[in-house]
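Please look over the structure shown here before reading the notes. They are meant for a first-year student and are grouped by topic.

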Amino acid sequence: MARKIVLTSGKGGVGKTTVCANLGIALSQRGLRVALLDFDIGMNNLDVAMRLDNQVVFDLIDVIEGRCRIAQALLQDVNYPTLYVMPSCHHAKRVISIDQMRHLMSRLQDGFDYVLIDCPAGMETGFRRAVACADEAIVVATPHPYSIKDAQKVIDYLNGSNLLQVSVVVNRVRGDLVCSGEMLDVKQVFALLNAKPLGVLPEDDFVNCNLEAATNNKAYKMLASNLHDGTASIYDCTSRYRGFFGKLRRNAKRNA
Ligand SMILES: Nc1ncnc2c1ncn2[C@@H]1O[C@H](COP(=O)(O)OP(=O)(O)O)[C@@H](O)[C@H]1O
Ligand SMILES: [Mg+2]
């Protein structure tokens, strides 16, 4: 039976959809069967992030309302044969109940090792519905004060729910700025958040272009291992920027 994990943040734009997509890829590269579900109804970012948007025929709402079978709405990624995406509806906002979503999850869970739920921003209905369908939560935060504040609010809510585990991924860490003292160190971010540290992902200039070429591939592999094997390795975003050559790289980045 699948581990059902919701990716959430409170604040929008911190990388939930990106992390959901790339973590799904990293898990599927290990041969695990992964379904990515877009619960951000009406926004359909996940199929775009996975570059599968031109293949969408049916979506999650079509499954829930009985217009198609589950298999018809699951898009298989050609590059990662054990990775599937169920897109959210492209058009109008729809009223969907927690029970309908839970029923969908119960039908999916036997076919996969992981079901990752991409959650909408905010803490309103869409967020609560996504959380109610999951067993675990990964809170995505960036090392910026607003993101940390919102993440803490979300973690407080999640810690009061029935989830088995709540963990944190710190995304968009710039090692050069951490070294120069202009960005919080990940240890400081984890210390401010009352949840288990699960991973750290660097800022990646290529994140939009090609998931395979992403320089944070290694960080995602570590994240997948922490999640699946229970390891606790944290990617060091600052190593490139320490020492003599590190300082040269920092200056080059500053002047770029
Ligand atoms: N580690 C990263 N490095 C650089 N850009 C990133 C990173 N993570 C996310 N982004 C970018 O940030 C923007 C928002 O990401 P997204 O995943 O859509 O956030 P959310 O789903 O939380 O709203 C996107 O343009 C995405 O490409
Ligand atoms: Mg999103």
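The points below cover the sheet, the helix α1 and the surroundings of the ligand. This is a predicted model. Its eight strands form an open sheet with mixed pairing. Helix α1 spans residues 16–28 and supplies part of the shell around ligand 1.

**The sheet**

- The strand order is β3-β4-β2-β5-β1-β6-β7-β8.
- β3 (75–76) and β8 (196–202) stand at the edges with a single partner strand each, so one side of each has no neighbour in the sheet.
- Strand β6 (residues 136–141) runs parallel to β7, and six bridges join the two.
- Valine 139 has valine 168 of β7 as its bridge partner.

**Helix α1 and its neighbours**

- α1 lies across β1, β2, β4, β5, β6 and β7, and runs at about 165° to β5.
- The axes of α1 and α10 (residues 217–229) come within 9 Å and cross at roughly 70°.
- The two helices, α1 and α10, are therefore roughly perpendicular to each other.
- On the α1 side the contact is made by Asn22, Leu23, Ala26 and Leu27, and on the α10 side by Tyr220, Lys221, Leu223, Ala224 and His228.
- Six residues of this contact between α1 and α10 are nonpolar, two are polar and one is charged.

**Around ligand 1**

- There are 18 residues around ligand 1, and Gly15, Lys16, Thr17, Thr18 and Asp204 come nearest.
- The shell around ligand 1 has 10 polar, four nonpolar and four charged residues.
- α1 and β7 (165–173) each supply at least two residues of this shell.
- The largest share, three residues, comes from α1.

Note on methods: Residues numbered from 1 in each chain as written. Chains lettered and ligands numbered in written order. Predicted model: local features only at pLDDT ≥ 70, side-chain atom pairs only at ≥ 80, totals over all residues. Near = placed C-beta within 6 Å. Helix = DSSP H or I, 4+ residues; strand = E, 2+ residues; numbered from the N terminus. Nonpolar A, V, L, I, M, F, W, Y, C, P; charged D, E, K, R; others polar. Pairing = 2+ DSSP bridges. Contact = placed C-beta atoms within 7 Å. Axes fitted to C-alpha atoms, helices over the stretch in contact; angles between N-to-C directions. Parallel < 35°, antiparallel > 145°, perpendicular 65-115°, else oblique.
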